[in-house]
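Work through the exercises below with the model open. Try each task before reading its solution.

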Amino acid sequence: MELLLDFFRGPDGVTLLSVYHAVLRLSLPTLALLIVIRSARSLLGFRREPEVWAWLRLATGELLPVTHWENLLGRKKSADIVLDFATVSKNHAVLTKLDDGGWTVTDIGAKGRVEVNGNQVLSGRVNYGDTLSLGGLEMVLEPVSQEEARLQADSRTKAGKGNSPGLTLVLLTVFQLLVVLELAFNREGDRVTIMTAYGILIGVQWLMFIAQKIIKRSGFEIETIAFFLISIDLGVCASANVGEMYKQLIAMGVGIVIFLVLGFCLRDLDRAKKLRYLAAAVGILLFLANIVLGRNINGSRNWIYLGGFSFQPSELVKICFILAGASTMDRIVTRRNMWGFVLYTAFIGGCLVYLNDFGAAAIFFVGFLAIALLRSSSYPSAVLILVGVGMLAVLVAAAALAIKHFPHVANRFSGYGHIWEDSFNKGYQQTRSLMCIAAGGLFGLGLGNGWMHYMAGVGASDTDLVFAYVSEEWGLLMAIMMIFALAMLGLFVVRSAKVARSSFYTIGASAAMSILIVQAILNVFGTVDFLPLTGVTFPFVSNGGSSMMSCWGLLAFIKACDTRQNASFAVRLTEKGGART
């Protein structure tokens with residue numbers, strides 16, 4: 001490294017250095033665009049072909065395909081298996097695939113009886129060859145033939161086909177090395193820390209990639225997008241406070257453990273369902289600890305300090321909240337489960353209002369709406385939406401009280417849309433952010449050359465205002481790449497959710513992605529005064545250990561929704577090297 005730097009500082013060092021910086025400022029956004037586009041093409045290029053797991057043969061001989069692990073049976077047009085018979089209820093029963101290959105059928109309050117081989121059941125096992133009766137309509141459960149299973153597996157989209165994740169990871173590594181070289185020029189006293197931190201990051205991402213190859217998984221695009229955003233995060237830390245780089249790496253390590261453990265738990269639908277109750281309890285305990293031990297920072301008490309480390313419980317509760325809300329099909333239509341989730345959400349909202357963290361409250365509200373809308377196929381679920389409207393009214397009322405009694409909240413809302421009229425007081429942070437965005441232009445001033453973190457009075461420049469920070473030093477093009485990367489993940493979830501194997505995975509991935517997208521919107525729009533500044537982080541990029549761990553946990557839900565052939569470690573293989581279940 002020193003020899004390379006000395007070369008650029010030779011007799012013609014000034015000329016070489018200026019050429020190098022010019023080339024680098026073009027290379028970084030170009031590489032970023034290639035990384036995001038390659039990942040997006042691989043994620044979005046799959047065919048949304050339905051999977052057939054079994055057949056239901058009617059007395060007429062007609063075969064009805066069973067296309068999910070969880071299937072709503074009924075007369076309703078939106079049911080997974082539509083049975084248009086007068087004796088069948090709109091939502092009659094749920095047919096669920098078990099981990100051992102068998103099935104269960106659950107009566108969800110239908111008017112007609114649910115029977116297996118002539119015996120009435122509320123919830124019972126169904127084996128292949130058994131006769132299932134719904135309101136007197138009889139059908140036989142039949143397996144998919146080996147030839148049908150083979151043809152179906154062969155026709156499914158292979159992860160990374162035409163867009164090798166390995167090559168994309170090579171491009172990301174080159175991107176990271178160029179970032180290290182740029183920072184080494186501009187942050188001479190911090191070279192060892194910077195090189196060590198990025199070396200650890202590169203080592204971790206390649207270790208994860210190789211490990212997934214060993215277990216015969218070929219999809220690494222979701223993780224690549226996360227590591228791309230973290231690469232920008234470490235660059236922000238190197239410029240703002242180089243000591244934070246190691247803390248972010250520790251948080252990333254913990255987050256990856258959460259990602260892997262949660263992904264393993266989601267492999268088994270029964271295990272995932274049981275995990276919901278533990279997650280709900282953990283979420284309650286975290287908020288109770290926050291209320292007792294929380295410290296007041298900038299008007300909010302959503303921080304706990306332990307042994308020199310701080311964390312925000314609300315970030316980890318996001319994972320618990322989704323696990324509690326992502327009910328499986330047989331529970332979506334039950335009123336007891338619905339009211340339990342409503343009360344759990346009300347508890348979380350009440351805690352956040354008490355802690356004066358309205359940014360987090362808004363994010364949880366969006367997550368609640370996403371879950372409610374996805375569960376709105378029944379009367380009890382429709383109640384969720386009505387409760388959501390009521391919760392919004394309560395949230396607005398609480399925000400109004402906070403504006404009245406807390407000056408920092410009042411300043412943020414009263415300054416919204418008028419920041420240039422009071423640029424030295426209420427609009428100070430956002431006007432300086434916009435100035436820095438303008439100063440950076442398309443390609444930035446260079447890593448470590450920005451002025452935003454030196455400006456007195458501009459707090460949280462590397463967290464709440466990180467969009468402006470990146471725009472100033474990395475350039476507006478790179479800041480747009482951050483948004484583009486998250487948008488591609490969002491499109492992938494929309495496409496995958498339609499063919500997901502369980503309502504649990506559909507709701508989990510959609511709610512997780514909704515939270516990530518809304519975080520990014522609040523962060524970016526708050527910075528540029530399109531929305532009031534709420535103090536919300538940008539996923540994976542803002543400096544903050546709690547946010548980093550939370551983002552990896554949310555990513556596990558997205559990974560579990562990936563149904564491409566052999567793409568996700570969160571889905572099992574039927575046989576060694578074979579097609580997945």
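**Exercise 1. Find which residues the ring pairs link into a cluster.**

Solution. Start with the criterion: rings of Phe, Tyr and Trp (its six-membered ring) pair if their centres lie within 6.5 Å; planes under 30 degrees apart count as stacked, over 60 as edge-to-face and the rest as tilted. Ring pairs then join Trp 206, Phe 209, Phe 220, Phe 227, Phe 259, Phe 540 and Trp 552 into a cluster.

Before going on, note the basis. The model is predicted: local features need pLDDT of at least 70, side-chain atom pairs count only at pLDDT 80 or more, and totals for chains, interfaces and linings use all residues. Residues are numbered from 1 along each chain as its sequence is written, and side-chain values use heavy atoms, with hydrogens and water left out.

**Exercise 2. Describe two of the aromatic pairs by geometry and burial.**

Solution. A pair of aromatic rings is described by the distance of the centres and the angle of the planes. The structure holds 13 aromatic pairs. One of them joins Phe 504 and Tyr 505, edge-to-face, at 6.0 Å centre to centre and 85 degrees between the planes. Next, burial (under 20% relative accessible area is buried, over 50% exposed, in between partly exposed; 1.4 Å probe, protein chains only). Phe 504 has a relative accessible area of 1%, so it is buried. Tyr 505, with 6%, is buried.

Now take Phe 540 and Trp 552: edge-to-face, 5.7 Å centre to centre, 85 degrees between the planes. Phe 540 lies in the loop between helix H18 (503-527) and H19, while Trp 552 lies in helix H19, 12 residues apart. Phe 540 and Trp 552 are buried.

**Exercise 3. Check the length of helix H7 and find what covers its buried residues.**

Solution. Helices (H or I, at least four residues) are DSSP runs, numbered from the N terminus. The expected span is 1.5 Å times one less than the number of residues. For the 22 residues of H7 (244-265), that gives 32 Å; the end C-alpha atoms are 31 Å apart, which agrees. The buried residues of H7 include Met 252, Ile 256 and Phe 259. Their cover includes helices H5 (191-214), H6 (221-240), H8 (269-293), H9 (313-325) and H19 (545-560).

**Exercise 4. Is Leu 477 buried, exposed or partly exposed?**

Solution. Locate Leu 477 in helix H17 (residues 476-497). Its relative accessibility is 30%, so Leu 477 counts as partly exposed.

Technical notes
Helices (H or I, at least four residues) and strands (E, at least two) are DSSP runs, numbered from the N terminus. Contact means heavy atoms within 4.5 Å.
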